[in-house]
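Here's a quick tour of one structure, with a look at its rings and a sheet. Have the model open as you read.

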Amino acid sequence: MGETEQRPTAGSRLGAQENAGISTLEHGQKPPTTPPGKLISIKIQMLDDTQETFDVPQRAPGKVLHDAVCNHLNLVEGDYFGLEFPDHKKMMVWLDLLKPVMKQIRRPKHVVVKFVVKFFPPDHTQLQEELTRYLFALQVKQDLAQGRLTCNDTSTALLISHIVQSEIGDFDETIDREHLAKNKYIPQQEALEDKIMEFHRNHVGQTPAESDFQLLEIARRLEMYGIRLHPAKDREGTKINLAVANTGILVFQGHTKINAFNWAKVRKLSFKRKRFLIKLRPDVNSSFQDTLEFLMASRDFCKSFWKICVEHHAFFRLFEEPKPKPKPVLFSRGSSFRFSGRTQKQVLDYVKEGGHKKVQFERKHSKIHSIRSLTAQPSEQRTEVPKQSSSLAHGDDNDTAAVQSCRHGKESKASTEDTGQHKSPSLKKSPKEVKKVDGAVVSTVEEEEEAAKDRMQQNRPQSQQPSTGSLTGSPHLSELSINSQGGPSLVNMSLSPNLSPDAKQSSPLISPLLNDPSCIRTDDEEEVKRKRFPTEKAYFIAKEAATTERTYLKDLEVITSWFQNAVNKEECMPETLKNLIFSNFEPLHKFHTGFLKEIEQRLALWEGRSNAHIKGDYQRIGDVMLKNIQSMKQLTIHLRKHNEILIELENGIKNSRKLETFCRDFELQKVCYLPLNTFLLRPLHRLMHYKQIMERLCKHYPPDHVDFRDSRAALAEISEMVAQLHGNMIKMENFQKLHELKKDLIGIDNLVIPGREFIRLGSLSKLSGKGLQQRMFFLFNDILLYTSRGLTASNQFKVHGHLPLYGMAMEVSEEEWGVPHCLTLRVQHQSIVVAASSHAEMDKWTEDIQMAIELAEKSSGPAPELLASSPPDNKSPDETTVDQESEDDLSASRTSLERQSPHRGNTTVHVCWHRNTSVSMVDFSIAVENQLSGNLLRKFKNSNGWQKLWVVFTNFCMFFYKSHQDNHPLASLPLLGYSLTIPSESENIHKDYVFKLHFKSHVYYFRAESEYTFERWMEVIRSATSSASRTRALSHKEPHAY
C-alpha cells in the first residue's frame, strides 16, 4: 500500500532482469543521477517506427535522455547510436550529450526525436550483440526506403531479399508476392520483385539473426553505407557533397565518391564562418595543397558538420574519451565542443569483459521465431530461463501450429508477463505513449545454451546453429601504404553470375589473441578461460582449415566471377573453351561455399556459443571433413578436366592474338595477384592441403579420441583422391611453369615441348671480357639458358645463349679464374664460366646441373633447336672462353628495380634477379603444399603499434589484406632471400609467438595468435626462405606429353 506504481520496461515485460550496464557507462558505474526539477516529455521515434515518450528533468543533459533510451531497449552497445532532431531552423542536428536537453529542444511538444545509428563501424562483426545488429539492419532498411543508401538493382534486390527472409521466413511464392505488395521497401519496387524472390529462394533455413548479419555484410561494402551527405562547394565553386565515415572525410559528386582524406592524413579540422577547413599532414608524394577549403550553406551547417567530424575521429581513433579542456580565465577562443561518451575500443572492451546480461528482444516486423526459439525447448525445471512467447505477429493459428510442430510436438506455454519484481528506471515512460510491440521473441544465447543442454539430456538431435557474427580485433584503423581507402564493392552471394565476386559467408571465427567472447560467464575461472579461448591444438588445426578455405574460395572466384565477367564482356574466347572452363569451375565454387559455411558453423560452436561443448560434441572437425570429402568425390570428374582446361587455354592464347592480349590485361588487374594459369591448378593443390590437415589431426589425436575415427577415415578418402590425381597434377605444374617462364623470356619459339622439364632458375654471374656480369640462368632437363634483363616495357629477360646438357662437362674452377664459387661448363666447342653468390648457391646449382646432365645422357639424344633468334654463341677452339658482350647487355644488367613496370616486378624470376638467389622446381612443389592464410599482427622495426592484417602466404610471397573479405591485396612481400628468426631480448618485443623477417635493412615482426599458428607460420615461411634438398631424382618420371 502506498507504493508507487512501477511501469515495466520493454525488457522487463519479457522477464529480463533490469540491465544496469547502460550504454555510455563504464563497467561498475551507476546510471547518472537525475537532476531535480520539472519533468518534460520527449517523444522518441525508434528504428522500428514505434514512438516512446520519456520524461526527463528540464536541466538534464542530453546524456540522461540517451541513456534512458538505451536502458529502455536493454541496449549494451548504445554508443553506436545517437538522437537527432530538427532544430529551430529545421536543420537536422545531433543531440549534444553534455548540454541540457531544454537548451537544445526548445519546443519538445512539437518535436519528435529520432533514435538512429550514428557511428557505422568498418566491419559489422565488431557489433557483438544480436540486438545491435538487428537495429543496424533496421537502419539499412530505413536508408533504402529513404533513398539514402543507393546501389544497383542487383544489390538492392539482394538486400531486400534478406529483409524479407527475416520478416516472413523461407520462400513461398504466394506469400512473397503478398508481402511485397503490402510492404514497399524502395520506390518503384515492382520492377525488382522477381529478382527479390529469386534471391529469397536461396535463403532457405536462414534465421532472422543470420539475415541481419548477411544484410550488413552486403550493405557495408556499398559506397553509400552509413553516409550522410552535406552539400558544399569547393574553391572553384563546383557543387559537391561532404561526408564523414570511420576512415575519414569523404568527398562526393552526386553519389559518386571522388576523394577521401584518411584520419592519418588529417592534421587539423576547423571552420571559419561558412568555410570548412581541412589541414593535411605534409606529403611529398601528394598533389594536394596543405589546407583544403570548402564552402557550406551557412555557419550553422558548417559547425554541425565540423562537430560530426570531431565525434567520428574521437570514437574510431581514440582509445578513451578526450578530457575536457580547462576553461580560460578571461577570454575563450574557438569552440569548446568535445566528444562525450565511450570510444569504440572502450565499447568493445566492455562487452568482452562480460559486464552485462544478455536479454531477449522483440522483432516488430518478424512473423517467425529465430532458429534458437524454434529448436530451444527449455526443461520445465529450469524456471530461471525466461519463457518465450509462441504467439506470432498476426496470431495465425496455422503458423502457431507450425511452430509447435517444429518443437517436436511438445507444447510450451509462454507469457510476456513479468516473472519477478523489477525496478523501473529512474526515468519513466508516460503510460499514454507506451505501445506494445507485436512480433516474435528472440531467445538469448544463454537460453539457447540451456535448451541445448536439455536436448542433449533428452537424446534429441541437435541442429547446428550458424553463428550470426564474430568479434574482431582493435577497431582503430591502420592505414596501409597502398590503397588504404579503396572503395567497397558489391558482395557476391553465389546466387547469380551477375553479382560481383566478393560475397561469401562472413566469418564467425574469433581470434583468441585479440578477442574475448562475452557470451560465456561462469564462476569457475579456469572454465571461463577454456570456453573463451579454445587452446587445444585440434581447434587451431580446424581453424587453419577454415582460413585456408576462405582463401581458396576467393581464388575460385577469380575464375568464376572476375574472369568470367571479363570474358563475357570482351567476347574474345571461343564458346567451347568458355564452356569447358566455367562448367567445371562453377560446381567447385558452389560446393566449397557450403563446405566453408559448415566449417565456420562448427568452429562457432567450438568457440563456446553453445553449451554443446560441455560434452565435447562440437569440439571436433573430423566428421565435417569426412562428410564433405566424401561428397567431393563426385567432383572428381571436374578435377580431371583441369589439365584439358590448362592446355586448351594455352592453345587458344597461342592461336588468338586477341585472347592473348585479353589474358595479359586480365593478369594486370589487382584481383589476379598470381599468374592466371596458377588459379586453374588451385583445385588440385587444395586436395593436398586437405590431406596435410587431416594428417596433422590424426597425428595429434590419440586412437581413443572421439574424433580419431572420422579423421582417419577422412584422411584415407582424401589420400585416395590425391593418389589418383597426383601424377596429373605434377605434369600440369611443369606445364604451367614452362608457360609462365615463357612470358618472362624473349627470343624463344619453342620453350614448351613434350618431354621438357623445368629444374631451376636463378641469378649467377657470368664471366665475360668485361668481368663478371649478372645473368639469369634457366636449367631444364635438356638445356641451360642464360639471359639478361632486357629494356623492354615489360622487363622480360633476353636470351643470350644456351648450352645443351647432352655431353656437357662441369668442373669447379675457383683456382683457375681466381673467382670464388666458380664453375666452368663445357659442351662441344662451347664453354662458359659462372660464379654463384655463395657456397650454398653453388652447391645447389652443381647438384642440379649434374643431375640434369645424367638425365640428358639417358635420354634419346641432344635437345631440339630452341631459339628463334639469338646472338651466335658458338666459338672456335682458338677463341677465348670468355664471352664478349655488348654495352646494351651491360646496361640492361644494371637496370634498377625502380625502372620496372609494376606488373612485371614481382614475378619469381624478377625477385630472384634482385635478391641474387635461385629457386628450383622442388621449391615450387613445396611452396604449393606450404600455403597458409590467417590473421597476423605486423610491426615495423621503428614503429610502436601492431597492425592487424589478413595475410595469405603463397608462391614464396606474403600478401597483405585489410580483411579476408577484400578482393585484392593491399601490398605484398616476396620472401626469397629473407631470413627468418626469433626476436632477441635486445629488440624489446616482449610478446609471445613473434617471428622476425629481415633482408638487409628491412625488418618486419609478425605476431601469431597461438603456439600452433606460430609454428605453422614458421614452417611455411621457412620453406620459402631456405631451399629444400636437391636430391630429388627425376629419372623415374616419364616425359610429359602435352
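## Charges over rings

A charge counts as sitting over a ring if NZ of Lys or CZ of Arg is within 6 Å of the ring centre and within 35 degrees of the ring normal. Keep in mind that this is a predicted model. Arginine 342 fits the bill: its charged end sits over the ring of tyrosine 350, 4.7 Å from the centre. Then there's arginine 915, which lies over the face of phenylalanine 999 at 4.9 Å from the ring centre.

## A five-stranded sheet

Now for the sheet. It's open, with five strands in the order β2-β1-β5-β3-β4 and mixed pairing. β2 (51-57) and β4 (92-94) each have a single partner strand, so these edge strands are left with one side lacking a neighbour in the sheet. From one strand to the next, the twist averages 35°.

Helix α2 (residues 62-73) packs on this sheet and touches β1 (39-45), β2, β3 and β5, with its direction at about 135° to that of β2. Inside the sheet, β3 (residues 81-86) and β5 (residues 112-117) pair in the antiparallel sense over four bridges. Glycine 82 has valine 116 in β5 as its bridge partner.

## Aromatic pairs

The count of aromatic pairs comes to 32. One of them joins phenylalanine 81 and phenylalanine 136 edge-to-face, 5.6 Å centre to centre with 75° between the planes. That pair links distant parts of the chain, 55 residues apart: phenylalanine 81 is in strand β3, phenylalanine 136 in helix α4 (residues 130-145). Both phenylalanine 81 and phenylalanine 136 are buried, and they belong to one aromatic cluster whose members include Tyr80, Phe115 and Tyr225.

Methods
Residues numbered from 1 in each chain as written. Predicted model: local features only at pLDDT ≥ 70, side-chain atom pairs only at ≥ 80, totals over all residues. Heavy atoms only, no water. Pairing = 2+ DSSP bridges. Helix = DSSP H or I, 4+ residues; strand = E, 2+ residues; numbered from the N terminus. Axes fitted to C-alpha atoms, helices over the stretch in contact; angles between N-to-C directions. Contact = heavy atoms within 4.5 Å. Phe/Tyr/Trp six-rings, centres within 6.5 Å; stacked < 30°, edge-to-face > 60°. Buried < 20%, exposed > 50% of the residue type's maximum accessible area, 1.4 Å probe, protein only.
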